[in-house]
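Me: I am new to this structure and would like a close look at a single part of it. Please take the nonpolar core and go through it step by step.

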Amino acid sequence: MEEQRQAARVLAAFGGADNLTRLRYCASRVRAELRDGGRLDRQEMARVGGIKAVLEVETPQRTTEYQLVVGPGNARPLYQALIALSGEK
């Protein structure tokens, strides 16, 4: 249940489900690509519990990937909750 609340806040801070173009995860991060990076609410993201940092990384395809650093073991549950709320990306 906590992951669902966290995911709802993260999704809102990302600018909503319609702003997501790609979502994936690794051991300690949730990685998202957004349609409009200007809709990312960094202040709200900083208030979401469990988010240690938000990094902007340019991909080899020259898109920006936003990486939420959540720590080992926390990325998959958050990713799964985000997918459940937003649909497969």
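Reply: What follows describes the core and then two residues outside that list of central members. The model is a predicted one.

The largest nonpolar core has 24 residues, and those that touch the most other members are Val 10, Phe 14, Met 45, Ile 51 and Leu 68. Two or more residues each come from helix 1 (2-13), strand 1 (20-25), strand 2 (29-34), strand 4 (64-69) and helix 3 (75-86). Helix 3 contributes the most, with six residues. In soluble globular proteins, nonpolar side chains tend to be buried together.

Ile 51 shows how these parts meet. Leaving out residues up to four places away in sequence, Ile 51 touches Gln 6, Val 10, Met 45, Leu 68, Val 69, Val 70 and Leu 78. Among these, Val 10, Met 45 and Leu 68 are also listed with Ile 51 as touching the most other core members.

Helix 3 also holds Ser 86. Ser 86 counts as buried because its relative accessible area is 16%, under the 20% limit. Its side chain reaches the backbone oxygen of Leu 82 at 2.8 Å. With residues up to four places away in sequence set aside, Ser 86 touches Leu 11, Ala 17, Leu 20 and Leu 23.

Cys 26 sits in the loop between strand 1 and strand 2. At a relative accessible area of 25%, Cys 26 is partly exposed. Apart from neighbours within four places in sequence, Cys 26 is in contact with Arg 31 and Ala 75. An unreviewed UniProt entry places the annotation "active site" on Cys 26.

Technical notes:
Residues numbered from 1 in each chain as written. Predicted model: local features only at pLDDT ≥ 70, side-chain atom pairs only at ≥ 80, totals over all residues. Heavy atoms only, no water. Core = buried A, V, L, I, M, F, W, Y, C linked by side-chain atoms within 4.5 Å. Buried < 20%, exposed > 50% of the residue type's maximum accessible area, 1.4 Å probe, protein only. Helix = DSSP H or I, 4+ residues; strand = E, 2+ residues; numbered from the N terminus. Contact = heavy atoms within 4.5 Å. Polar contact = N/O pair within 3.5 Å; in protein donor to acceptor, adjacent residues only side chain to side chain. UniProt positions renumbered as here; feature names shortened; annotations may be inferred.
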